[in-house]
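Please walk me through this protein structure, from its overall layout down to individual residues. Keep it brisk.

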Amino acid sequence: MSTTQPLVLAAELAAAWSDIQAHHQDLPDLASPEALIGESSSACGTRLGFERLLHEAAHGLAAARDIRDTSRAGRYHNRRFLLLASELGLAHPVEPHASSGFSQVTMLKETQERYADTIERLDRALGAHQEAVAGDGANRAFRGPAARHGSSGGGVRVKAICGCGRNVRVVPSVLAQASIVCGACQQPFKIA
């Protein structure tokens, strides 16, 4: 994969975020566009695109306005999130999903028209990035910044047990990245 590809995508993400800020003055800056590349979160969706960026912007507005827009470690999107998403030009389901609430928002036609040039630029950058990562065999999906929820970014946690029988709850992908070692018996935790 080209080392410039993540930089190009990060630059396009930052430019798209700036375009959203032009219409929503209190939206804070995007601290790290690179953090959006290669992560996933089941509560907020897995596909990176402009619609997803608007979803994240709703969370950004919530943070700027000190509004609690989620619960259940960031998985459940409440009616306050719904109002912010509507403000950004996103439509929502009539009824909330049992576990993720109103997280499944979609762009309104007017929103697509307003940001048509931005969407086109971002789609081109995403396409080039996906081609590049497909070439190196990586399986990457988008996840929003985990710090937003103060958690590992959501996901289903499973029980992992060490040699002395202690247990922790962990997202399997986190355990796959590196072993977590028990402080008491010095054995790695393994999924039960």
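The tour below goes from the whole chain to its cores, one helix, one ring pair and one sheet.

This is a predicted model. The chain holds six helices and seven strands. Read from the N terminus, the elements follow the order α-α-β-β-α-β-β-α-α-β-β-α-β. The chain has 192 residues, and 39% of them count as buried. Its exposed surface comes to about 10,300 Å². Carbon and sulfur atoms supply 51% of that area. Contacts also reach along the sequence. Among those between residues at least 6 apart, 55% join residues at least 24 apart.

Now look inside. In soluble globular proteins, nonpolar side chains tend to be buried together. Here the largest nonpolar core has 27 residues. Leu13, Ile20, Phe50, Leu53, Leu54, Leu88 and Leu122 have the most contacts inside it. Four helices each supply at least two residues of this core: H1 (4-23), H2 (50-64), H3 (79-87) and H5 (116-135). The largest share comes from H2, with seven residues. A second core is separate and has six residues, including Ala160, Val170, Cys182 and Phe189.

Helix H2 deserves a closer look. H2 has 15 residues, and its first and last C-alpha atoms lie 20 Å apart. That is close to the 21 Å expected at 1.5 Å a residue. H2 is mostly covered, with twelve of its 15 residues buried. Among the buried ones are the nonpolar-core residues Phe50, Leu53 and Leu54. Arg52, His55, Glu56 and His59 are buried too. Just after H2, aspartate 66 takes a positive phi of about 55°.

Next, the rings. A pair of aromatic rings is described by the distance of the centres and the angle of the planes. A search of the whole structure finds one aromatic pair. Its members are phenylalanine 50 and tyrosine 115. Their centres are 4.8 Å apart and their planes are at 50°, so the pair is tilted, a class that runs from 30 to 60 degrees. Both residues are buried. What does this pair tie together? Phenylalanine 50 lies in helix H2, while tyrosine 115 lies in the loop between helix H4 (109-114) and H5. The pair therefore links parts that are 65 residues apart in sequence.

Last comes a sheet. Strands of a sheet pair through backbone hydrogen bonds, either parallel or antiparallel. Here three strands form an open sheet, in the order E6-E5-E7, with antiparallel pairing. Strand E6 (167-170) and strand E7 (190-191) stand at the edges. Each has a single partner strand, so one side of each is left without a neighbour in the sheet.

Take the two pairings in turn. E5 and E6 pair over four bridges in the antiparallel sense. Valine 158 stands opposite valine 170 in E6. That valine, Val170, is also listed in the second core. E5 and E6 form a hairpin, with five residues between them. In the turn, glycine 165 has a positive phi of about 95°. On the other side, strand E5 (residues 158-161) is joined to E7 by two bridges, again antiparallel. There, isoleucine 161 stands opposite lysine 190 in E7.

Key: Residues are numbered from 1 along each chain as its sequence is written. This is a predicted model: local features need pLDDT of at least 70, side-chain atom pairs count only at pLDDT 80 or more; totals for chains, interfaces and linings use all residues. Side-chain values use heavy atoms; hydrogens and water are left out. Two strands pair if DSSP finds at least two bridges between them. A nonpolar core is a set of buried Ala, Val, Leu, Ile, Met, Phe, Trp, Tyr and Cys residues joined through side-chain atoms within 4.5 Å. Buried means under 20% relative accessible area, exposed over 50%, partly exposed in between (1.4 Å probe, protein chains only). The expected span of a helix is 1.5 Å times one less than its number of residues. Contact means heavy atoms within 4.5 Å. Accessible areas come from the Shrake-Rupley method with a 1.4 Å probe; for residues, only the protein chains shown count as cover. Rings of Phe, Tyr and Trp (its six-membered ring) pair if their centres lie within 6.5 Å; planes under 30 degrees apart count as stacked, over 60 as edge-to-face and the rest as tilted.
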